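Here is a quick walk through a protein you may not have met before. Take a look at the model first, and then we'll go through it piece by piece.

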Amino acid sequence: MSHIIHRSLRRTPPVAVSGEGIILRDSKGNSYLDASGGAAVSSLGHGHPDVVDAMHAQIDRLAYAHTAFFTTDVAEELAARIAYDAPGDLDHVYLVSGGSEAMETALKLARQYVVECGQPQRHLFIARRQSYHGNTLGALALGGNAFRRKPYAPLLMDVARVAPCYEYRDRADGQSVADYTASLIAELEVAIVAAGPENVIGFCAEPVVGATGGAIPPTPGYFKGVRALCDKYGILFIADEVMCGMGRTGTLYAVEQENVLPDLVALGKGLGAGYQPIGAVVARDPIVQRLRNGSGVFQHGHTYVGHPVAAAAALAVQRVIQRDCLLGAVTVRGASLRRLLRDAFGAHPHVGDIRGRGLLWALELVRDRDTKEPFAPSLKLHEAVRTQAMACGLIVYPMGGTIDGERGDHILLAPPFVATEADLVEIVARLQEALERALLSAGV
Ligand code: PLP
């Protein structure tokens, strides 16, 4: 019996023992193609020697120093690099241990900023109905994902909600993309006005939605509209790039492709590519200047903030991405993956949509392609896909409950940036087999 409280309290998962490149192995000798990098984490694959060496060197030198007393050269270097690579005046970095901590930090930084601007009545965030921003209580309150929120309701923080930008499901027949986009922006404005703009701190969204919906890129101009509204009402725009950031969509920040500058960006997953737990918040200069000239303190902190070994790992990851021109590789391989997925599943009766950007792709599964009717939640099709994919030696990231927190199954793919063309071909072939087996096992 395992003494770990696993997510499923009835089943112990296989024991992972080693990883190399795109391959993971378990204690029974099975090997798996890691086509989702866990949950869009392992962007360099497993066992990358440059990252491993950088971590060893840092552990030998200094494993830990508390930020109440010290900063470290490696954390400073990582922050400088993040600031240098970030667009606009996103110049200031707060290093944490993961995506949820990054989102909590962004929420608190935003709140402290409005208070120090002399607007303490601003207390409300606006987020989208179909969203996930982390599992800690603040981030959970922000996200709209009903099945995750349900056991903990009522949540600590009140959040206003608007529709996601989900063209496949929500754009009406005959409605142009421009009109659909305009309707979303209009809805956001109504929500801001209803809340009272003077009460709102910020609007938060993932530039490309990751797990809660499955690799959904925004419609053209959507984030431009968001930015314009935030400027109009003096509201902060917080981009959650925990999953879509750090090169996953072909640019270091997904929001760069929207030509929009957020006020705060949350990073996680790909920042350390799984080699260490690390996340970050990147803040625009005026936000930090306001606190510097005000209280002079950011009232926040965790024991492992700016952890040197995590910083060394993330720095090495970022160097490899640049040295090996991996953003270009993401774009090229992403185009191949799109083609392979469309060839394999474009006419599949139960694949309603194939979408994504860079190396973040998803298949949305439907009972009926014409009506887009989702599968019944009781079928738990996404779980059958996970089981069958693993039986086929494939790790993908299937998710359910993404429509109204109940219905909706999709399969997320996020292969490492170092995946070869042959890897992608094999991934898609195994996914075809896994999906057929899953449909069969679910009695479809
Ligand atoms: N935000 C987004 C968009 C995510 O996808 C996730 C995790 O999946 C998080 C936040 C939370 O990150 P973590 O699981 O590292 O706490």
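One term first: a residue counts as buried if 20 or more other C-beta atoms lie within 10 Å of its own. Keep in mind, too, that this is a predicted model.

**The whole chain**

Let's start with the big picture. The protein chain holds 14 helices and 15 strands. Its C-alpha trace spans about 60 × 60 × 45 Å along the principal axes. A compact globule of 444 residues would have a radius of gyration near 22 Å, and the 21 Å of this chain agrees with that. Of the 444 residues, 51% count as buried. If you take the contacts with a separation of 6 or more, 72% of them come from residues 24 or more positions apart.

**A four-stranded sheet**

Now for some strands. In general, strands of a sheet pair through backbone hydrogen bonds, either parallel or antiparallel. One open sheet here has four strands in the order β11-β12-β15-β14, with antiparallel pairing. β11 (351-357) and β14 (397-403) stand at the edges with a single partner strand each, so one side of each has no neighbour in the sheet. On average, neighbouring strands of this sheet are turned by 25° against each other, direction ignored.

Is β11 enclosed or open to the outside? Seven of its seven residues are buried, so β11 is largely enclosed by the rest of the structure. Being at the edge of the sheet leaves β11 with a single partner strand, and that partner is β12 (residues 360-365), joined to β11 over six antiparallel bridges. The two strands form a hairpin with two residues between them, and Gly358 in the turn has a positive phi of about 60°. Across the hairpin, Arg357 is bridged to Leu360, while Arg355 has Ala362 as its bridge partner.

A helix belongs in this picture as well: α13 (residues 381-391) lies across β12, β14 and β15 (407-413), and runs at about 175° to β14.

**Strands around β7**

Over to β7 (residues 200-205), which is mostly covered, as six of its six residues are buried. Here are its pairings with two other strands.

| Strand pair | Sense | Bridges |
|---|---|---|
| β5 (residues 124-128) and β7 | parallel | three bridges |
| β7 and β8 (residues 236-240) | parallel | four bridges |

For a closer look, find Ile126, which stands opposite Phe203 in β7. Then find Ala205, whose bridge partner in β8 is Ala239.

**The ligand and Lys269**

Which residues are closest to the ligand? They are Gly98, Gly99, Ser100, Gly134 and Val242, out of 15 residues that surround it. Helix α4 (residues 99-116) gives the most to this shell, with three residues. By type, the shell divides into six nonpolar, seven polar and two charged residues.

Two of those closest residues, Gly99 and Val242, are also touched by Lys269, along with Ala39, Ala40, Val41 and Met243, not counting residues up to four places away in sequence. Lys269 has its place in the loop between β9 (264-267) and β10 (279-284). Why does Lys269 count as buried? Because 28 other C-beta atoms lie within 10 Å. Lys269 and Gly38 are 231 residues apart in sequence, yet 9.6 Å apart in space, C-alpha to C-alpha.

How values were computed. Residues numbered from 1 in each chain as written. Predicted model: local features only at pLDDT ≥ 70, side-chain atom pairs only at ≥ 80, totals over all residues. Rg over C-alpha atoms; globule rule 2.2 N^0.38 Å. Buried ≥ 20, exposed ≤ 12 C-beta atoms within 10 Å, placed from the backbone. Contact = placed C-beta atoms within 7 Å. Near = placed C-beta within 6 Å. Nonpolar A, V, L, I, M, F, W, Y, C, P; charged D, E, K, R; others polar. Pairing = 2+ DSSP bridges. Axes fitted to C-alpha atoms, helices over the stretch in contact; angles between N-to-C directions.
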